Amino acid sequence: CHEDVVKKGAAVAYRHVPFAQGNCKACHLPHASNYAALKPVDTKQLCLATCHSDRALNMDFSHTPVARGQCTSCHRPHGSENPRMLIARGTSLCLTCHPK
């Protein structure tokens, strides 16, 4: 059904485990009218409740996007060429939101 997503994901160096395993239902609702529909709809609930509660909740400081549940502000949900599936490396990532 979604060859374009699979092809793009196969080409990246770092892939999200559910995506790499073909487990789309771990994050997506398969019978929703929009294939991008996430379960639950709130990204913060999806990422933190499903897999990553230990990472974001046990820190002394939470970056604003983490606190707001905006995981995809910094991370690609299926995979990336960058470690930790980040959208960019080093200061290039920071500069996407924080101007010089």
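Where in the chain is the place of P83? Let's start there and then look around.

## The model and its confidence

What you have here is a predicted model. Across the chain, the mean pLDDT comes to 78, with 71% of the residues reaching 70 or more. If you go through the elements, helix α1 (residues 3-10) has the lowest mean pLDDT, at 64, while α5 has the highest, at 92.

## P83 and its surroundings

Back to the opening question: P83 sits in the loop between β2 (79-80) and α5 (90-94). With a relative accessible area of 32%, P83 is partly exposed, because that value falls between the 20% limit for buried and the 50% limit for exposed.

What does P83 touch, once its neighbours within four places in sequence are left aside? The answer is Y14 and R89. There is also a long stretch of sequence between P83 and R15: they are 68 residues apart along the chain, yet their C-alpha atoms are 9.5 Å apart in space.

## Two more residues in that loop

R84 and M85 make a nice pair to look at. R84 is in the loop between β2 and α5, and M85 is found there too. R84 isn't a glycine, but its phi is positive, about 60°. M85 has a positive phi as well, near 55°, and it is likewise a residue other than glycine.

Are they buried or exposed? R84 is exposed, at 65% relative accessible area. M85, on the other hand, has a relative accessible area of 14%, so it counts as buried.

## H16, a contact of M85

Now hop over to H16, which has its place in the loop between β1 (14-15) and α2 (17-20). H16 is at 17% relative accessibility and therefore counts as buried; the cut-off for that is under 20%.

Leaving out neighbours within four places in sequence, H16 is in contact with C27, H52, P77, H78, G79 and M85. So the list includes M85, the buried residue from the β2–α5 loop.

## The second largest pocket

One last stop is the second largest pocket, which holds about 190 Å³ of space. Which elements give two or more residues to its lining? They are α4 (64-68) and α5.

Lining this pocket are H63, T64, P65, S73, C74, L93, C94, T96, C97 and H98. Sorted by kind, the lining has five nonpolar residues, five polar ones and no charged ones. And if α5 sounds familiar, it is the element with the highest mean pLDDT in the chain.

Methods: Residues numbered from 1 in each chain as written. Predicted model: local features only at pLDDT ≥ 70, side-chain atom pairs only at ≥ 80, totals over all residues. Heavy atoms only, no water. Helix = DSSP H or I, 4+ residues; strand = E, 2+ residues; numbered from the N terminus. Buried < 20%, exposed > 50% of the residue type's maximum accessible area, 1.4 Å probe, protein only. Contact = heavy atoms within 4.5 Å. pLDDT = per-residue confidence, 0-100. 1 Å grid on protein atoms, 1.4 Å probe; cavity = no way out; pocket = protein on both sides within 12 Å on 5 of 7 lines; lining within 4 Å. Points joined across faces, edges and corners; volume = space filled by probe spheres on them. Nonpolar A, V, L, I, M, F, W, Y, C, P; charged D, E, K, R; others polar.
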